Amino acid sequence: MTIHLEKKIERKKRRSEQFAFGLFRALSLFVVGILFVILGFIVMKGFSSLSWGFITQWPSDNMTKGGIFPAILGTCYLIIGSVIFSFPIGVFAAIYMNEYAKKGPLVRFIRMMTNNLAGIPSIVFGLFGISLFVNTLKFGDSLLAGSLTLGLLTLPVIIRTTEEALKAVDNSFRHGSYALGATKLQTIRRVVLPISYPNIITGLILSIGRVSGETAPILFIVAYFTTKLPTSIYDQVMALPYHLYVLATSGTDIEKQRPIAYGTALVLIMMVLIINLSANALRRYFSNKVKMN
Amino acid sequence: MNKKFFKKLFEKLIEGVLTLSGGITSLAVILIVVFLFKEGFGLFSRSTLQDDMVLAVNKSNPLSKIKAANVMGIFDQNITNWKQIGGKKDSIIIVRLEDLPTYFTEAQLGKNFENINPCISRLTDSLSGVILFVPKKYVTKGFNGKILPEENISFVEFFMGKKWFPTAVPNSQFGILPLILGTLWVSFGAILIALPLGLAVAIYLAEIADSRVRRALKPLIELLSGIPSVIYGFFGLVVLVPLIQSVFKLPVGETALAGSIILGIMALPTIITIAEDAMRTTPRAMKEASLALGATRWQTIYRIVIPYSISGITAAAILGIGRAIGETMAVLMVTGNAGVMPHTFLQPVRTIPATIAAELGESPQGGIHYQALFVLGCVLFVMTLLINLGVEYVSSKRKN
């Protein structure tokens with residue numbers, strides 16, 4: 001009788017486990033399914049608009065025809081501009097925090113501030129960019145102001161990934177270098193950075209992925225439409241994500257703009273995915289290489 | 001000797017540069033606070049009346065100041081008697097500039113309105129219940145009435161006001177309560193969707209899936225977080241919004257629900273990654289002890305793993321809310337942006353970030369609307385700061 005009861009309980013336990021596990025598996029598939037639905041939808045709808053002309057021509061007929069060339073170019077400029085600003089400073093900050101600063105309240109404070117900066121909503125960066133770069137420093141609605149705003153946004157990403165990369169370098173490397181008479185700076189330049197640079201580059205690529213998709217911070221800085229390519233850093237540029245927003249929500253003829261909007265979405269998503277996938281591939285490639293050594 | 005000196009100097013110099021860079025994020029946060037408050041601060045020391053316009057009443061009117069909300073009430077004709085707002089009993093007569101021809105003939109006003117000043121003065125004197133809304137330049141010298149200044153915007157009005165009409169006539173209404181509530185509604189809706197789903201996936205990845213499946217799924221979920229928010233917004237606009245409209249038979253599909261669903265999807269990767277990391281820190285010995293006592297894997301998960309990692313799961317939930325509160329583009333595109341108090345998930349709402357994004361481009365720099373948007377930015381900043389500190393607190397507790 002007791003054996004029978006035990007068996008019954010056992011079976012009940014098994015059944016609830018099977019149910020729970022089955023549910024979790026299904027939900028996980030569902031989440032991945034969402035990704036594929038979004039990607040699949042954009043690819044299917046956008047594919048027909050894609051052509052060589054689409055990425056090399058200017059918008060025409062009130063954005064109902066033509067391509068998106070200036071927006072792609074503008075986004076590339078913004079990426080370069082923001083990276084020039086944030087990459088060196090971010091790497092320097094990480095080197096300071098990991099190699100120079102004494103562990104204590106100061107480093108904890110800096111780390112907390114970095115986390116806070118990372119948590120600030122992107123639209124607040126937009127307000128700040130307008131206030132400091134556009135109005136106070138009089139850069140105007142320019143490539144420079146947009147790059148600086150976006151650079152600030154990506155600083156925490158670069159600092160964090162660089163710090164992780166530096167932390168991963170075993171202390172025995174540093175000690176070995178000191179033992180050979182090298183100074184701290186020499187050790188960092190010749191030993192620590194060469195070992196950690198693949199991971200630092202991965203962080204850089206991830207931050208580029210972030211910059212290329214951000215819209216809110218540069219909403220008030222980038223152009224709705226420009227008639228010529230930027231010739232200096234004080235010129236206004238178009239940006240791909242903002243262009244998609246404009247095509248999707250405003251303009252003279254939204255229905256006629258739809259195919260171009262789908263195409264723009266596809267180009268943007270391809271750009272971001274290629275950037276992120278290459279960061280992943282790089283990380284995997286180098287971690288395999290380290291294992292082999 | 002000299003070479004060594006320069007080398008040392010160089011090292012010190014580099015160290016200085018690195019130290020300065022170390023402070024950059026702290027500096028950035030401080031600058032953001034300073035500039036947001038600098039731009040927004042003036043809001044509370046001015047009135048919402050349109051620039052260059054003035055309100056005037058009869059000399060016998062006992063009121064010396066008037067609240068912004070009451071001005072709106074009078075001109076919307078919800079307030080029709082001075083008694084309702086603390087004056088004496090007298091019905092209110094509204095006179096705008098365009099109403100003047102009903103009181104005066106063209107000849108009296110003059111061909112080019114050159115006699116408008118005395119006319120206005122006479123009218124104000126003759127009607128005891130009058131409230132006049134005219135340009136400042138018409139009430140200069142010899143005006144036989146009383147200019148009624150509007151009270152400055154107060155904190156209470158700003159945070160508790162239920163009306164957000166930044167460009168209304170005669171005065172703007174800056175009540176941000178509907179915006180705050182809209183933001184919270186959409187964010188909590190998002191977390192209601194994302195938390196159960198995210199936890200299920202985190203449990204599956206951390207405890208159930210074998211390593212091959214896990215290695216395949218994790219990068220895919222990371223990709224989900226890499227998709228730009230404007231793409232989510234676009235997808236929501238062309239797929240989700242029409243779907244909601246037809247399923248619930250609504251006049252418009254741009255609703256809080258659409259915002260919550262899109263934000264929920266966007267918060268998923270954050271929640272999954274953090275919750276999974278927390279679950280994976282459960283000591284193997286604890287899990288094995290549970291299994292050795294005869295518990296099934298499922299029992300081990302909900303009796304051991306989840307209680308052990310609860311602070312990490314909490315941190316994941318809070319961070320997810322933080323992401324949702326600050327998200328701009330996707331929400332701007334799918335929630336319909338109606339600045340009214342939210343009552344159901346099936347009506348359009350307006351969030352703080354979407355308000356800033358939609359209106360900053362149209363508001364002249366330094367104007368009252370512009371300042372109000374910067375104060376909204378401050379509010380948003382403080383909200384997310386509190387959330388970040390909350391996460392920090394929860395995860396510092398975990399370490400102890």
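Me: Which helix of chain B holds both B:Glu15 and B:Lys12?
Reply: In this predicted model, local features need pLDDT of at least 70, side-chain atom pairs count only at pLDDT 80 or more, and totals for chains, interfaces and linings use all residues. Residues are numbered from 1 along each chain as its sequence is written, chains are lettered from A and ligands numbered from 1 in the order in which they are written, and side-chain values use heavy atoms, with hydrogens and water left out. B:Glu15 and B:Lys12 are three residues apart, about one turn of the helix, and the element they share, a DSSP run (H or I, at least four residues, for helices; E, at least two, for strands; numbered from the N terminus), is helix α1 (residues 2-22).

Me: How far apart are the closest N and O atoms of B:Glu15 and B:Lys12?
Reply: Side chains of opposite charge can pair when their charged atoms come close. The criterion for a salt bridge is a side-chain nitrogen of Lys or Arg within 4 Å of a carboxyl oxygen of Asp or Glu. B:Glu15 and B:Lys12 form such a bridge, with their closest N and O atoms separated by 3.9 Å.

Me: Is B:Lys12 buried or exposed?
Reply: The classes are set by relative accessible area: buried is under 20%, exposed is over 50%, and partly exposed lies in between (1.4 Å probe, protein chains only). Its partner B:Glu15 has 28% and is partly exposed. B:Lys12 has a relative accessible area of 57%, and is therefore exposed.

Me: Which residue forms a salt bridge with B:Arg280?
Reply: B:Arg280 lies in helix α11 (residues 256-280) of chain B, and its partner lies in that helix too, four residues apart, about one turn. B:Arg280 is partly exposed at 41%, whereas the partner is buried at 0% relative accessibility. The closest N and O atoms are 3.4 Å apart, and the partner is B:Glu276.

Me: What is the N to O distance in the salt bridge of B:Glu288 and B:Arg284?
Reply: Both residues lie in helix α12 (residues 284-292) of chain B; because they are four residues apart, about one helical turn separates them. B:Glu288 is partly exposed at 42%, and B:Arg284 is exposed at 63%. Their side chains meet with an N to O distance of 2.8 Å.

Me: How many salt bridges does the structure hold over all chains?
Reply: In chain A, A:Glu10, A:Lys13, A:Arg14 and A:Glu17 are linked in a network of salt bridges. Between chain B and chain A the count is zero. Over all chains, the structure holds 14.

Me: How many residue pairs are in polar contact between chain B and chain A?
Reply: Contact, taken as heavy atoms within 4.5 Å, joins 75 residues of chain B to 78 residues of chain A. A polar contact is stricter in its atoms: a pair of N or O atoms within 3.5 Å, where within protein one must be able to donate a hydrogen and the other to accept it, and residues adjacent in sequence count only if both atoms are side-chain atoms. With both residues at pLDDT 80 or more, the number of such pairs between the two chains is nine.

Me: Which residues of chain B lose the most area to chain A?
Reply: Buried area is the accessible area (1.4 Å probe) that two parts lose on being put together, summed over both. Chain B and chain A bury about 6800 Å² between them, 80% of it on carbon and sulfur atoms. Together accounting for 9% of what the side of chain B buries, the residues are B:Leu18, B:Phe234 and B:Trp298.

Me: Which residues of chain B does A:Asn116 touch?
Reply: A:Asn116 is found in helix α4 (residues 105-119) of chain A. At 4% relative accessibility, A:Asn116 counts as buried. Not counting residues up to four places away in sequence, A:Asn116 touches B:Leu385 and B:Asn388.

Me: What distance separates the C-alpha atoms of B:Ile262 and B:Ser229?
Reply: B:Ile262 lies in helix α11 of chain B and is buried at 1% relative accessibility. Apart from residues up to four places away in sequence, B:Ile262 touches B:Tyr232, B:Gly236, B:Leu240 and B:Ala330. B:Ser229 is 33 residues apart from B:Ile262 along the chain, and their C-alpha atoms are separated by 9.4 Å.
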